[in-house]
Amino acid sequence: MSAKHKRFDDDDDDEASQKKVKTDLPKEVAKPSKKPSVDSNWAKLSQQLKKKAGPSGHRPPKRDKPAPAPAPAPAPVEPVLKKLAFPPSDNHEVTKQLAIDCEMVGLGPEGKISTLARVVVVNTHMNVVYDKHCRPDQEITDYRTEFSGITPEHLEGAPLLKNVQKEVAALLKGHVVVGHELRYDLAAISLKHPPRDVRDTAQWRPLMRAKGSPYSLKQLMRDKFGMIIQEGQHDPVQDAQAAMVVYKHFKKEWEKELYPPKASKLKRQQLKEKDKESQD
């Protein structure tokens, strides 16, 4: 083999040996991972807190707990009602204030025309000072017994309507008349009474509904005084007494409206004299 060829062979052997050496070298050993610097549980907790905090890094505000449901309102308690009552008295004098109530019967077709059949007057001591039945000149077609309590027997021998009207007008003259829905009672006895001497518990504004309509006397006694009246047939004595109870309870405020204390003594006297003139 020539020297030239030998040199080439030697070079090939060297390259092969180098490749072999590289091939025989041990593979690079993987570097061990660094030990975490914090406990794994703490790391998990930190991640959870970051998620809750949101992107801004602040925790969301705590949500207020829902307010407890309000307790149910107690059921309304029905008031304990009592029958109309007042201190007994033997005083039957004709007082300055007199309460009146009337009962009617029907005339004409179907008894639709009302006429007086009984009138009752009580004083401020709740005692009766006048109580009479009366019979009209025309035939009665409806006694309205269910409400008035009047039967044909009550009117047998009773005085005529016009005579009773005159007696009641004379009795009420110069007095303050108290009642409920007095326009009907005064019309029944054909009496034009001075307005300043009328105390109608259905028309005094503080005793009326918000829209200006009147309460019935039965409801007024129930709501304002807790008393029961008119459980069956109307009793004119009881109704007149109930109206007087209402008036006496509110008398001070009622009279102040009619005769203001700031008005001069002369002015108040003039008002009273004017009332007397209109009554004459």
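Here are a few worked exercises on this structure, which is a predicted model.

**Exercise 1. Get your bearings: how many helices and strands does the chain have, and what percentage of its residues count as buried?**

Start with the secondary structure: there are nine helices and eight strands. Next comes burial, where 32% of the 280 residues make the cut. Finally, look at the contacts with a separation of 6 or more: 61% of them are between residues 24 or more positions apart.

**Exercise 2. Take strand β2 and work out which strands pair with it, and in which sense.**

Step one is β3. It pairs with β2 in the antiparallel sense, over nine bridges, and M104 has L116 in β3 as its bridge partner. The two strands form a hairpin with five residues between them, and G108 in that turn has a positive phi of about 75°.

Step two is β5 (residues 140-142), again antiparallel to β2 but over two bridges. Here G106 stands opposite D142.

Step three is β6, and now the sense is parallel, with three bridges to β2 (residues 97-107). Two of the partnerships to look up are Q97 with V176 and A99 with V178.

Now check the burial of β2. Eleven of its eleven residues are buried. One side carries Q97, A99, D101, E103, V105 and L107, while the other carries L98, I100, C102, M104 and G106, so both faces are covered.

**Exercise 3. Follow the chain on from β6: through which helix does it cross to β7, and with what handedness?**

First, the pairing: β6 and β7 (residues 198-200) run parallel and are joined by three bridges. V178 stands opposite R199 in β7. Then trace the connection, which goes through helix α6 (residues 182-188) and makes a right-handed β-α-β crossover.

Before leaving β6, look at its two sides. V176 and V178 point one way, V177 and G179 point the other way, and all are buried.

**Exercise 4. Find the largest nonpolar core and say which element gives it the largest share.**

The core has 25 residues, and those with the most contacts inside it are L84, V178, M221, F225 and V246. Elements giving two or more residues are β3 (113-122), β6 (176-179), α7 (217-225) and α8 (236-258). The largest share goes to α8, with ten residues.

Now zoom in on V246. Leaving out residues up to four places away in sequence, V246 touches T201, L207, L220, M221 and F225. There is also a second, separate core of 20 residues, which includes I100, V164, L172 and L186. In soluble globular proteins, nonpolar side chains tend to be buried together.

**Exercise 5. Describe the largest pocket: what is its volume, and which residues lie nearest its centre?**

Its volume is about 530 Å³. Of its 22 lining residues, D101, C102, E103, M104 and H234 lie nearest the centre. To see where the lining comes from, check the elements: β2, α3 (145-148), α6, α7 and α8 each supply at least two residues, and β2 gives the most, with five.

**Exercise 6. R118 sits in β3; is it buried or exposed, and what does it touch?**

R118 is in strand β3. Its relative accessibility is 17%, which is under the 20% cut-off, so R118 counts as buried. Skipping residues up to four places away in sequence, R118 touches D101, C102, E103, D131, K132, H133, C134, I150, P236 and V237. For a C-alpha distance, try L155, 37 residues away in sequence and 9.2 Å away in space.

**Exercise 7. Compare E110 and M126: in which loops do they lie, and is each buried or exposed?**

Begin with the backbone. E110 has a positive phi of about 65° without being a glycine, and M126, not a glycine either, has a positive phi of about 70°.

Next, place them. E110 is in the loop between β2 and β3, and M126 is in the loop between β3 and β4 (128-133).

Last, burial. E110 has a relative accessible area of 65%, over the 50% cut-off, so E110 is exposed. M126 comes in at 6%, which makes M126 buried.

Methods:
Residues numbered from 1 in each chain as written. Predicted model: local features only at pLDDT ≥ 70, side-chain atom pairs only at ≥ 80, totals over all residues. Heavy atoms only, no water. Core = buried A, V, L, I, M, F, W, Y, C linked by side-chain atoms within 4.5 Å. Buried < 20%, exposed > 50% of the residue type's maximum accessible area, 1.4 Å probe, protein only. Helix = DSSP H or I, 4+ residues; strand = E, 2+ residues; numbered from the N terminus. Contact = heavy atoms within 4.5 Å. Pairing = 2+ DSSP bridges. Right-handed = clockwise from strand over helix to strand, strands pointing away. 1 Å grid on protein atoms, 1.4 Å probe; cavity = no way out; pocket = protein on both sides within 12 Å on 5 of 7 lines; lining within 4 Å. Points joined across faces, edges and corners; volume = space filled by probe spheres on them.
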